[in-house]
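Colleague: Before I use these terms in my own report, may I ask you to justify them one by one?

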Amino acid sequence: MPLAKLENVTFSYDKKINVIKDVSLQIEKGEYVAVIGKNGSGKSTLAKLLNALLIPDKGSVTVDEYSSANKKQLFEIRKRVGVVFQNPDNQIVASIVEDDVAFGPENLGIPRKEIGERIDYALNAVGMQEYRHSSPMHLSGGQKQRIAIAGVLALKPEILVLDESTAMLDPKGRKEVLDTVRELNAVHGVTVITITHYMDEILDADRVIVMQNGKIAMEGTPRRIFSEKEKIKKLGLELPLAMRISEELISRGLPLKEGILTREDLAEELCSLKRKI
C-alpha cells in the first residue's frame, strides 16, 4: 500500500484557474522522488497538497490512510509530512541550535526526555551535533538548511519534502544538503520528495516526475526521463551538465557513446577514449 496517494486531484487558488489538474500520484515508503518543471508548473502546490497546507477542490489526498478532506485528520498528516522550504532563515525560530530543533516537539507536548533523544537523532542525522550549542546566525547557508531539516526530522515525519531547499545556497551548501538528504533516505529510510530546478540534483532519485501546466507530463527513472532529450528541451528544462558537455563534445567530432548522464559516466567514457588513442 502506498504511503501517500493523490487521486484525481484538482486545485486552484482563485477557484477559476486550476493550478493542479486531475493529478493522480502514489508515493511508496522509502522512495526518493524528484519533481521538476518550469516555474508555474504546479510543483510547490503539489508539495502543499501532500502536507495538507492546501486542500484539493476535487479528488483526494491520503497519507497513511489519513485524508486531508477530514479536518480532524489534518494534524496527523502534517506530523507525517515535513516540508523544508527555500530560505532557512524563515524556518529558524530560536537563538540556539538545539532549542530550534526542539521547537516542534515541544509544541506537540512531547516529554522532555524524548525531546532530548529527538534532538540527538535529528542533529546526528544531518551531521550537525557539534553545533548544538551554537547560534544559527553564525552558520553558513548550507549549515542553516541542515538545521532546518533537523527541525523537521525531530517531528519524526515519514515523508520529507524539500521545496527548492537548495535554491538559495552556493555549490558547497547545495552539496552539504544533498549529501544529507541522500543519507537520510539510504540509511534512515526517510521517504524523500525533492522539488528542484537543478537537474544534477535529481540523478540519484528512484523516480522523476515532470510537471507541466498542472499535470504530470513525464514520469520514470532519471535515465529514462533524460533519454527523451528533445521532449525535455521542449518542456523548457535543461539537461544535466554531463549530458550537455557530452553533446557538445560529440558535435565537435569526439566519438563518445550516447546516453551519458552523470559526471561519473562522462569521466569513465573520456578515460576509455583516452586509452584507445
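The conversation below sets the terms used for this predicted model against their definitions.

Colleague: What makes the contact between Lys172 and Glu176 a salt bridge?

Modeller: A salt bridge requires a side-chain nitrogen of Lys or Arg within 4 Å of a carboxyl oxygen of Asp or Glu. The closest N and O atoms of Lys172 and Glu176 are 2.7 Å apart, so the pair satisfies the cut-off of 4 Å. Both residues belong to helix α6, four residues apart, or about one turn of the helix.

Colleague: Why does that spacing in a helix matter?

Modeller: An α-helix has 3.6 residues a turn, so residues three or four places apart point the same way.

Colleague: Which of the words buried, partly exposed and exposed applies to Lys172, and which to Glu176?

Modeller: Lys172 has a relative accessible area of 58%, and exposed means over 50%; Lys172 is therefore called exposed. Glu176 has a relative accessible area of 16%, and buried means under 20%; Glu176 is therefore called buried.

Colleague: How do you know that Lys79 and Glu76 form a salt bridge?

Modeller: Their closest N and O atoms are 3.7 Å apart, and the definition asks for a distance within 4 Å. The pair therefore qualifies as a salt bridge. The two residues are three residues apart in helix α2 (residues 74-80), which means a separation of about one helical turn. Lys79 is partly exposed, because its relative accessible area of 29% falls between the limits of 20% and 50%.

Colleague: What do Arg223 and Asp265 tie together?

Modeller: The side chains of Arg223 and Asp265 meet in a salt bridge, with 3.1 Å from N to O. Arg223 lies in helix α7 and Asp265 in helix α10 (residues 263-276), so the pair ties together parts that are 42 residues apart in sequence. Arg223 is partly exposed, at 45% relative accessible area.

Colleague: What joins Asp64, Glu76, Lys79, Arg80 and Glu158 into one network?

Modeller: These five residues are joined by salt bridges that share partners. A search of the whole structure finds 26 salt bridges.

Colleague: Which residues have the most contacts inside the largest nonpolar core?

Modeller: They are Val101, Leu123, Ile149, Leu153, Leu160, Val210 and Phe226, in a core of 46 residues. Elements that give two or more residues to this core include α3 (97-107), α4 (112-125) and α5 (141-153). The largest share, six residues, comes from α5. Leaving aside residues up to four places away in sequence, Leu153 touches Tyr121, Ala122, Ala125, Val126, Leu184 and Val190. Apart from this core lies another, of 29 residues, including Ile20, Val35, Leu54 and Val63.

Colleague: Against which helices do the buried residues of α3 pack?

Modeller: They pack against α4 and α5. The buried residues of α3 are Val97, Glu98, Asp100, Val101, Ala102, Gly104 and Pro105. After α3 comes Gly109, with a positive phi near 75°.

Colleague: Why are β2 and β5 described as standing at the edges of their sheet?

Modeller: The sheet is an open one of four strands, in the order β2-β1-β4-β5, with antiparallel pairing. β2 (18-27) and β5 (66-67) each have a single partner strand, so one side of each is left without a neighbour in the sheet.

Colleague: How do you know that β1 pairs with both β2 and β4?

Modeller: Two strands pair if there are at least two bridges between them. Six bridges join β1 to β2, and β1 (residues 4-12) and β4 (residues 58-63) are connected over five bridges; both counts therefore meet the requirement of at least two. Lys5 has Gln26 in β2 as its bridge partner, while Glu7 stands opposite Ser60 in β4. The hairpin of β1 and β2 has five residues between the strands, and Lys15 in this hairpin takes a positive phi near 65°.

Colleague: How many cavities of 30 Å³ or more are there, and which element gives the most to the lining of the largest?

Modeller: The count comes to one cavity of 30 Å³ or more. The largest cavity has a volume of about 60 Å³, and α6 gives the most to its lining, with three residues. Among the lining residues are Tyr32, Leu162, Val177 and Thr194.

Methods. Residues numbered from 1 in each chain as written. Predicted model: local features only at pLDDT ≥ 70, side-chain atom pairs only at ≥ 80, totals over all residues. Heavy atoms only, no water. Core = buried A, V, L, I, M, F, W, Y, C linked by side-chain atoms within 4.5 Å. Buried < 20%, exposed > 50% of the residue type's maximum accessible area, 1.4 Å probe, protein only. Contact = heavy atoms within 4.5 Å. 1 Å grid on protein atoms, 1.4 Å probe; cavity = no way out; pocket = protein on both sides within 12 Å on 5 of 7 lines; lining within 4 Å. Points joined across faces, edges and corners; volume = space filled by probe spheres on them.
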